[in-house]
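Let's take a friendly walk through a protein model together. Have a look at the picture first, and then we will go from one part to the next.

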Amino acid sequence: MPLPKPPTKLGSLLQAPAAGAPEALAAEAELETAGAAEQPVRAAKAAVASARGRGAAPQRQEARATAASRARSQAPSTPGQSPNPGPRQASLLAPSRSAKAQPAATGPQALPAAAAASSPAASPASPAASRTVLPAVSPTPSAVAAAAASPPASRADAASRAGAPSTRRGARAQAPAEPGKLFVLDTNVLMHDPTSLFRFEEHDVYLPMVTLEELDGHKKGMSEVARNARQASRELDALVAGVEAGIEQGIRLDHSGHREARGRLFFQTRAHEARLPEALPQGKADNQILGVLQALTQAFPERSVVLVSKDINMRVKARALGLNAEDYTNDKTLDDADLLYTGVMALPEDFWDKQAKSLESWQQGGQPFYRLQGPLVAAMLVNQAVYWEAPNATPLYARVREIRASTAVLQVVRDYTHPKNSIWGVCARNREQNFALNLLLDPEVDFVTLSGQAGTGKTLLALAAGLQQVLEERRYNEIIITRVTVPVGEDIGYLPGTEEEKMSPWMGALDDNLEVLNQSGSGNHGGEWGRAATQELIRSKVKIKSMNFMRGRTFLNKYVIIDEAQNLTPKQMKTLITRAGPGTKIICMGNLAQIDTPYLTEGSSGLAYAVDRFKGWKHSGHITLARGERSRLADYATEIL
């Protein structure tokens, strides 16, 4: 039989503006209540699509429910036989196969399943899907993003809980968030830096069970490694404490107050099946960690699983197996030692020409001062040494005393290269030594760091300035010298005697320099105390202390010299500097090219750490001594060897 014409309301509905959404819903209800199998389904579908475009989703669902109830009550049917709708109406009412709810994936498949559910390619807009009335259940974009950014164990839980109506035809599916990295930590990283758990920002951290076993085996003793192992264990205990849910879901790293860590911590809770080469013994701890790394890499190919270790050989083995491995670099102050702050700045050749109009000068306390302005000030720091040299011109050697906005105040330094200004018979032999003596003898500077190659005069200058201020000026009570007892070669074993007697073999450099100063100070340029002082008097004012007994002490009016500071860790450096009381001055000296402490590099040394942190403070200064002054043989050996 011929199809009836569409109602008038439907024709007006197809041309109505957005405000006509209620009329479209009424037309849809009228069409659905016709009850005949030959009703114009195509026109009804067009009306429904038009109503959808006009944003009347809630009213449409209510009208559809009313129309369906009317159709069931008015549709003709024979006794004992259910109504048989037409093929098009059946396709409109029956849910399509693609719209059925799929079970959420769990375990390692959680992230790929969630990503596939949200991608446009996984759910194409087929005709059958466009006729679907019943909503399909699929993960929401927010749940997919959370699963992608979450660790392996928590993704399955997030994907299983995700359930929301699927996106309609024409709507764009949101892409899943990029998953963060998963860092597998070696034991030596925790023993090197106990707070390394909180240094990976938004990424996740994974601890194999063998790492915990090795950490437990190194916690006994009084060494630095044992202390770090105990601190790392306390950090882990603080993270685990108070966690009600299972640790398989991961523990938030900011749970213990470290807000900078936004990732999660995972422990190995089950055995992993990994196939390592037969040449690698399975019982070795390093190989077990490599097996865990390989299993995680295969289980989560969508994530970047990286081994973090201070062991170079272990990183090489991991890369040989095709696995990702990195060194722990978060403790490094800088990547290249050449970028370390030198404390010395050369002024440009046209300095006087550019500053001739704006430069101010005056005298104060017998020393000239300059005030300059301009873009050059932005590169300066307080207590930084600046110099200007030119042929046939008077050089300028000054120190930055104050910086305010774009204005800097320079103070011309005292010339300790002249014999009349010698300190215990010692004169500066180059400009860096002159800058160093100005910092060492300034009572307003409480912390001085000196770095440089062997033979540049670091220990000699520090001792000469100390004897001058202790014996001549009586600014400090005594000189305290300490250093790290790290042998260059094999250890000679236990040493007899008292604390100072045990430290005497480590203080050979002190004895050599004291001998030079005693001979120089007994001349005419040493002053009254220098001429009258004997070797015993000097020894009475110089104390040798061990670093092992520094914790808890407070030095009052002391001149403290920390020799070989390049072998200190940042934590040890902090422990020593915080011992300073009122009226105490601390001098740190070292050569970054002669580091003997294991796992320490030029970038992670305590000396580099102190230089970088204290630069620009008005009560500290740093000078890098560039020229060796020991002998021509030592200078040539340093250059060619």
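We start with one residue: Asp335 is exposed, because its relative accessible area is 75%, and over 50% counts as exposed. Bear in mind that the model you are looking at is predicted. Where along the chain does Asp335 sit? Asp335 belongs to the loop that links β8 (324-326) with β9 (344-346). Together with Asp336, Asp338 and Glu602, Asp335 makes up a negative patch on the surface.

From that loop we can step back into β8, which takes part in a sheet. This open sheet has 6 strands, arranged in the order β5-β6-β4-β3-β7-β8, and its pairing is mixed. At the edges are β5 (251-252) and β8, each of which pairs on one side only. As a general reminder, strands of a sheet pair through backbone hydrogen bonds, and they can do this in a parallel or an antiparallel way.

Now find β7, the neighbour of β8 in this order. Strand β7 (residues 305-308) runs parallel to β8, and 3 bridges join the two. Two of the partnerships are easy to look up: Leu307 has Ala325 of β8 as its bridge partner, while Val308 is matched with Glu326 of β8. Strand β7 also pairs with β3 (residues 182-185), again in the parallel sense, over 4 bridges. Here Leu182 has Val305 in β7 as its bridge partner.

Which way do the side chains point? In a regular strand they alternate between the two faces of the sheet. In β7, Val305 and Leu307 point one way, Val306 and Val308 point the other way, and all of them are buried.

Another strand to visit is β18 (residues 558-563), where 6 of 6 residues are buried. Lys558, Val560 and Ile562 point one way from β18, and Tyr559, Ile561 and Asp563 point the other way. Strand β18 pairs in the parallel sense with β16 (residues 478-483) over 6 bridges, and Thr482 stands opposite Ile562. Strand β19 (residues 585-590) also runs parallel to β18, joined to it by 4 bridges; there, Tyr559 stands opposite Lys585.

Our last stop is back on the surface. Tyr636, Ile640 and Leu641 form a nonpolar patch with about 390 Å² of accessible area together. To find this patch, look for helix α24 (residues 632-640), where Tyr636 has its place.

Conventions: Residues numbered from 1 in each chain as written. Predicted model: local features only at pLDDT ≥ 70, side-chain atom pairs only at ≥ 80, totals over all residues. Heavy atoms only, no water. Patch = residues over 30% accessible without salt bridge, like charges linked within 9 Å, V, L, I, M, F, W, Y side chains within 5 Å. Areas by Shrake-Rupley, 256 points an atom, 1.4 Å probe, with all protein chains shown as cover. Salt bridge = Lys/Arg side-chain N within 4 Å of Asp/Glu carboxyl O. Lys, Arg positive; Asp, Glu negative; His and termini not counted. Charge placed at Lys NZ, Arg CZ, Asp CG, Glu CD. Buried < 20%, exposed > 50% of the residue type's maximum accessible area, 1.4 Å probe, protein only. Pairing = 2+ DSSP bridges.
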